[in-house]
4 protein chains.
Amino acid sequence: MNATRPQTRRERLDAKETAVISAARALFLEKGEAGTRVAEIAKRACVAEGTLYLYFKNKRAILQAVVADHWEQLTVGAREAVEGQTETFDKLEALTTFHLRAVIADWSLLMLGTRLWATGAEAEEQMERDYRRNYVAIFDDLFRRGQDRGDVAADASLWQVRDLFYGTLEYTARTMMLHPERTDYDGVTEFVVAQVKSACLSGGQMPLYKEESGSRDLRSITGRLEAALKDLKSLDV
Amino acid sequence: MNATRPQTRRERLDAKETAVISAARALFLEKGEAGTRVAEIAKRACVAEGTLYLYFKNKRAILQAVVADHWEQLTVGAREAVEGQTETFDKLEALTTFHLRAVIADWSLLMLGTRLWATGAEAEEQMERDYRRNYVAIFDDLFRRGQDRGDVAADASLWQVRDLFYGTLEYTARTMMLHPERTDYDGVTEFVVAQVKSACLSGGQMPLYKEESGSRDLRSITGRLEAALKDLKSLDV
Amino acid sequence: MNATRPQTRRERLDAKETAVISAARALFLEKGEAGTRVAEIAKRACVAEGTLYLYFKNKRAILQAVVADHWEQLTVGAREAVEGQTETFDKLEALTTFHLRAVIADWSLLMLGTRLWATGAEAEEQMERDYRRNYVAIFDDLFRRGQDRGDVAADASLWQVRDLFYGTLEYTARTMMLHPERTDYDGVTEFVVAQVKSACLSGGQMPLYKEESGSRDLRSITGRLEAALKDLKSLDV
Amino acid sequence: MNATRPQTRRERLDAKETAVISAARALFLEKGEAGTRVAEIAKRACVAEGTLYLYFKNKRAILQAVVADHWEQLTVGAREAVEGQTETFDKLEALTTFHLRAVIADWSLLMLGTRLWATGAEAEEQMERDYRRNYVAIFDDLFRRGQDRGDVAADASLWQVRDLFYGTLEYTARTMMLHPERTDYDGVTEFVVAQVKSACLSGGQMPLYKEESGSRDLRSITGRLEAALKDLKSLDV
DNA sequence: CATGAATGAGGTTTCATTCAT
DNA sequence: AATGAATGAAACCTCATTCAT
């Protein structure tokens, strides 16, 4: 039985496509889009230069494929990370951990994506937007379910919290890349989660006010305690 | 006396250099670095192509100049915005407003900067880092003075708050660019300021809303409880 | 009995070869030699690309086959047209009609032939010459038989009349292609036939004008001769 | 005085353009359009490859320039040839001599022109048509003036005579190229002129009538001679 | 006989940079 | 200091041809 290579047709083509994409990713990451020559990609993928053009129309198309592939992996990874948890903020923490590490690992790929729409091609700009929207849907879902469960304030603003979450995380990732001495992943995670939590618990526009309202509660409690103590005091006499 | 043009030598050269830089900025913004030809820059700056090379060694050097110029303007603008205020959080708000608008106006320029170190040139990476550090110093200063004045918790982490601040702001700027229907600049500012405030009021590692919001209140409440208990204790005598 | 497909081997191969040739003809006509990709020919002929090379050594060989095929058809068609007539000039008219239409229908094919020897390949140049010679033999035959029958002057120059015939006809065809409003096929035929006839009736080197322009001279000479003869006559008496 | 090179700017550019065109012409003639590499043209014109593209947008544009240049030279040459003569048919003869030699000398250039519209580019097809129309205008002028002077029958068809003229001449040129042993330029010229004359003297549709009139004359003349001789003979008795 | 994926040489074109004027 | 024509390296891509299946 020659069951060793069951997939003789379709599979081999896919393998070659994958090889090209990962070769291209490596080179794009290392030398940027403009700095990478198609010939190099071909050589690294162990294909002839012309063969590339059987799989991709363009150098640009290769870049698109790399980016698409990256987003797909990101999305799958994030989904898996989140699915491992049941509680809203456990999910958030898992997503935070995943995203931070993923962004640090492939920062340049996010930049490649950015490059796609930096050239003014309308269609590609739309694609990039869609990829990100699709990825971000995981957070959005988490957020909305949190609202349903009562973990997240009903009037919290998804837009703002989302920007807070991804913005802080990605900026931190960049900072950590530039300063390799910063390695406190857990601290960062804790901080971000706490910050997001804080934003989730209050209405989007005035996050502080809730706590202050809480402080009012505290004050009334204190008043009641004082009253109770005063009461206690008068009884003792 | 030929006082009509007092600065006939040095000044005219500077004017030409400036013309080149702003022509280059406009084109880089519009069509990206790779999409902009040196010839175009020259034409737009009303200089001959060869003349460019009397002022700049390279196309790359032009890009560097554009980026440097941009950071300088940013820094000056931010400093002015902050200097108009005296209170820590008023300064913060002013800086927020300024940065958000500046980033939206020239998003691509930030990307150009990113591009400088995306190609793996060590020296340029360092430059970009220095520019940003210099710009960010304004925030750092604000933060540290806030700590001195007691507006910011002594144990708040500058790194984390800074990442929170710039990260959220820049991500929001990007989001707003992609979704022109979002125009609530004030809401965003308010949200970011509140969020930063919240992070400033607590130690970096324990940003949780609960501790924080209450911290001052709690202290006073604690004081009252202590007083009440002391009172109670005195009764025991 | 498997008499359903009597020609199962040889015939099927020929069919495929024919399919390739006619696919190639169509494409060459439409887009020129350089503009036609081998892959297109294959697809149009419903054969795999590699299969082409079982039948033809080259793209160039395909072109040769197309041209050869075209000349063959032309020759057969012309022969049939001529055979339908018995008189010399009826044959000529039939040939004229046929050639004019054939050339208009497949003008580009003649050009393809030209292209074969425009590239400086000696062998192909010779082929093209032979094809044409073979085709033109029909005219030559008509001409020579006309001489035998006395329809054509014995001293008429075959070369010149042949050039006159095909040259005028083909140039007219081109003109008619460029000016679709010219549709007077019959007029053209009549003109060409008349012109050829005129050239046939006189010696090649001394075409009609001499006799013709001379007709006046001849008349005066005749007059003088008559006068002389009359003179002679009167003297003799 | 450095009057040695009075034209330092414009002229030198024109010289370079001319150099490119003639280099291109030589190569196109020798190896065809597809067979000629742009690099070769550049080398032969003693320019850098990139320089070509300062003068011509395309390889195709070079071809167009070559063809345009050729038609221009042809037209100028033909005009000069014709202007040397005053009589209609002397002009015709001069034009015949010129065209025959010009076509033989640069046959392939005519074919290049053909190639321009063989690819289906509408605009180029139009250009080629215009060039030829402009060139042919010389013949048309000659023809029409001949009609005015009474040298050419008023009802002669310009279209047909023109096709006869150029068609026969160009076909003959081709034949002569393929058969170098044919060198009887004068005979060809004589024949073509005579043929055109014959077509000019009669209405387009019935070119034979003149000769027939001639042949009638001849016949009647012969009759008179025969009668006179018979007369003479009878005297001998 | 048939296939069609793979090849890779070679073509055209661009554009940052130089240098004679 | 200023010019802009000239350069030429190198990039992307095409497509006729081959060959393992």
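How far is a phosphate oxygen of DNA strand F from an N or O atom in the side chain of D:Thr51? Select both: the separation is 2.4 Å, a polar contact (a pair of N or O atoms within 3.5 Å).

The model is predicted, so local features need pLDDT of at least 70 and side-chain atom pairs pLDDT 80 or more, while totals for chains, interfaces and linings use all residues. Residues are numbered from 1 along each chain as its sequence is written, chains are lettered from A and ligands numbered from 1 in the order written, and side-chain values use heavy atoms, without hydrogens and water.

Next, select B:Ala48, where a backbone N or O atom lies 3.1 Å from a phosphate oxygen of strand F. At A:Glu49, a side-chain N or O atom is 2.9 Å from a base nitrogen of strand F.

Now show the 32 residues around strand F (near: a heavy atom within 4 Å). Among those that come nearest are A:Arg37, A:Lys59 and D:Tyr55. H3(B) gives the largest share of this surface, 5 residues (helices are DSSP runs of H or I, at least four residues, numbered from the N terminus).

Finally, move to chain D and select H4 (residues 59-83) and H7 (residues 122-149), whose axes (lines fitted to C-alpha atoms over the stretch in contact) come within 8 Å and cross at roughly 10°. H4(D) is therefore roughly parallel to H7(D) (angles under 35 degrees, on a scale from 0 to 180 degrees between N-to-C directions). In contact (heavy atoms within 4.5 Å) are residues including D:Trp71 and D:Leu74 of H4(D), and D:Tyr131 and D:Ile138 of H7(D).

Terms used. A polar contact is a pair of N or O atoms within 3.5 Å; within protein, one must be able to donate a hydrogen and the other to accept it, and residues adjacent in sequence count only if both atoms are side-chain atoms. Helices (H or I, at least four residues) and strands (E, at least two) are DSSP runs, numbered from the N terminus. Angles under 35 degrees count as roughly parallel, over 145 as roughly antiparallel, 65 to 115 as roughly perpendicular and the rest as oblique.
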